[in-house]
Amino acid sequence: MPKAPKGKIVGREKKVIHPYSRKAAQITREAHKQEKKEKLKNEKALRLSLIGEKLQWFKNHLDPQKVGYSKKNACELTERYLNRFSSELEQITLHNSIKDRQGRRHHSRETVIKQTMERERQQYEGYGLEIPDIINAGNLKTFSIQCHNGLSSDVEETLQPKITMRELTLRGPRRNTHCNSSLYS
């Protein structure tokens, strides 16, 4: 039986693992598993932050005196939500219209805004844009209470699942709330 090494040996290195060994496969599996967990965690955080921004916008633009919104009012509020970047786009266009400038300034921001507006418009005209359920008076009251009590400047992720969402569409299947297409031509 060999003798155990005495104390800590400074120059001693870790054993080299053969690339085709079971140990190497185990380490690789663990690394892939951790990468997948991180990816899912980041995707969920991004999705929740987008929903949080949407809820924050609706919180800031709701009329506190209203007890309930009609479908028409909800559609008008949704149209305002869809056009929330129009002033920023006008500013970018104004900056780009100056003759002395070479190239396009804020091109990446302009592209992101246009893509977001196009995607949300397609959702609204297609299968439905998800907004807080402000048509139902009870859900509006719940949303308002949670907004004024639990939400400060940032929407907390723990309160998001408690807020009832509704798909609002310009036209589409019956399960969604429809907006009159003649209102917005």
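Me: What makes the space in the largest cavity, about 40 Å³, a cavity?
Reply: This is a predicted model: local features need pLDDT of at least 70, side-chain atom pairs count only at 80 or more, and totals for chains, interfaces and linings use all residues. Residues are numbered from 1 along each chain, and side-chain values use heavy atoms, without hydrogens or water. The space is called a cavity because a 1.4 Å probe fits there but cannot get out, on a 1 Å grid over the protein atoms alone. The structure holds one cavity of 30 Å³ or more.

Me: What makes Phe 143 a lining residue of the largest cavity?
Reply: A lining residue has an atom within 4 Å of a cavity point. Phe 143 is in the lining, and so are Pro 132, Asp 133, Asn 139, Thr 142, Gln 146, Lys 162, Ile 163 and Thr 164. Helix H5 (137–149) gives the most, with four residues. The lining divides into three nonpolar, four polar and two charged residues.

Me: How do you know what length to expect for H1?
Reply: Take 1.5 Å times one less than the number of residues. H1 (22–61) has 40 residues, so 58 Å is expected. The helix reaches 59 Å from first C-alpha to last, close to that value.

Me: Why is Phe 58 called buried?
Reply: Phe 58 is on the buried list of H1, so its relative accessible area is under 20% (1.4 Å probe, protein chains only). Leu 48 and Trp 57 are also among the buried residues of H1.

Me: What makes a nonpolar core?
Reply: Buried Ala, Val, Leu, Ile, Met, Phe, Trp, Tyr and Cys residues, joined through side-chain atoms within 4.5 Å. The largest core has 21 residues, and Phe 58 is one of those with the most contacts inside it. Helix H2 (71–82) gives the most to this core, with five residues.

Definitions and conventions:
Helix = DSSP H or I, 4+ residues; strand = E, 2+ residues; numbered from the N terminus. Buried < 20%, exposed > 50% of the residue type's maximum accessible area, 1.4 Å probe, protein only. 1 Å grid on protein atoms, 1.4 Å probe; cavity = no way out; pocket = protein on both sides within 12 Å on 5 of 7 lines; lining within 4 Å. Points joined across faces, edges and corners; volume = space filled by probe spheres on them. Nonpolar A, V, L, I, M, F, W, Y, C, P; charged D, E, K, R; others polar.
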